[in-house]
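Q: Got a minute to go through this one with me? I'll start with one strand and wander from there.
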Amino acid sequence: MKRKLVSMVGLAAAAGTLMVGAGATQASADSANVSSWNSPASCNSVSAYWFCLYYHQNQQGSVWRSTSPKVSTITALFGADGPVRNNAASADNGSLCNVGIWVFPGYSGDSDFLSPNRGGNLGPALRNHEASIAIDDHSSGCVGLSI
């Protein structure tokens with residue numbers, strides 16, 4: 001079943017600088033594009049899933065697939081392998097927009113992102129340290145949802 005393109009306003013804080021107080025300290029979050037392969041048919045823009053997380057690198061092991069375009073706090077299970085949160089090593093983007101994956105709930109902290117219909121191994125900051133995931137792109141007509 002082909003999904004319609006759903007988009008959202010991008011989250012500047014995930015890739016930019018957050019100002020805390022007037023002229024006070026700056027905290028920044030690192031963001032890396034981890035796109036390495038084309039997403040498989042089981043998790044691409046013609047599948048029913050927005051994104052998939054895998055227990056091991058290279059799309060191996062247990063998989064969690066999301067039919068929601070945003071998950072503020074990952075609470076799902078990998079089945080016998082336990083919780084998805086803080087246990088994923090690779091991901092696929094099943095959308096036509098960028099997908100962001102963040103270290104903390106609520107789409108905050110360091111992040112990795114995947115280009116449309118691409119997958120990759122999570123980088124060192126995110127591997128086994130992911131807590132939220134969402135469609136996160138405001139380019140190419142991707143406007144509408146907000147996280």
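Q: Which residues of strand β8 are buried on one side, and which on the other?
A: Ser90 and Asp92 are buried on one side, Ala91 and Asn93 on the other, so both faces of β8 (residues 90–93) are covered. Buried means under 20% relative accessible area with a 1.4 Å probe, protein chains only. Strands are DSSP E runs of at least two residues, numbered from the N terminus.

Q: What should I know about the model and numbering?
A: It's a predicted model: local features need pLDDT of at least 70, side-chain atom pairs count only at pLDDT 80 or more, and totals for chains, interfaces and linings use all residues. Residues are numbered from 1 along each chain as its sequence is written, and side-chain values use heavy atoms, leaving out hydrogens and water.

Q: OK, how many bridges join β5 to β8?
A: Four, and the two strands run antiparallel. Pairing takes at least two DSSP bridges. Cys52 sits opposite Asp92 there.

Q: And β11?
A: Three bridges join β11 (residues 118–121) to β8, also antiparallel, with Gly120 as the partner of Ala91.

Q: New topic: why does Val103 count as buried?
A: Because its relative accessibility is 17%. Val103 is in strand β9 (residues 99–104). Beyond neighbours within four places in sequence, its contacts (heavy atoms within 4.5 Å) include Leu126 and His129.

Q: Which element gives the largest share of the largest nonpolar core?
A: That core, meaning buried Ala, Val, Leu, Ile, Met, Phe, Trp, Tyr and Cys joined through side-chain atoms within 4.5 Å, has 21 residues. Its largest share, three residues, comes from β9.

Methods: Buried means under 20% relative accessible area, exposed over 50%, partly exposed in between (1.4 Å probe, protein chains only).
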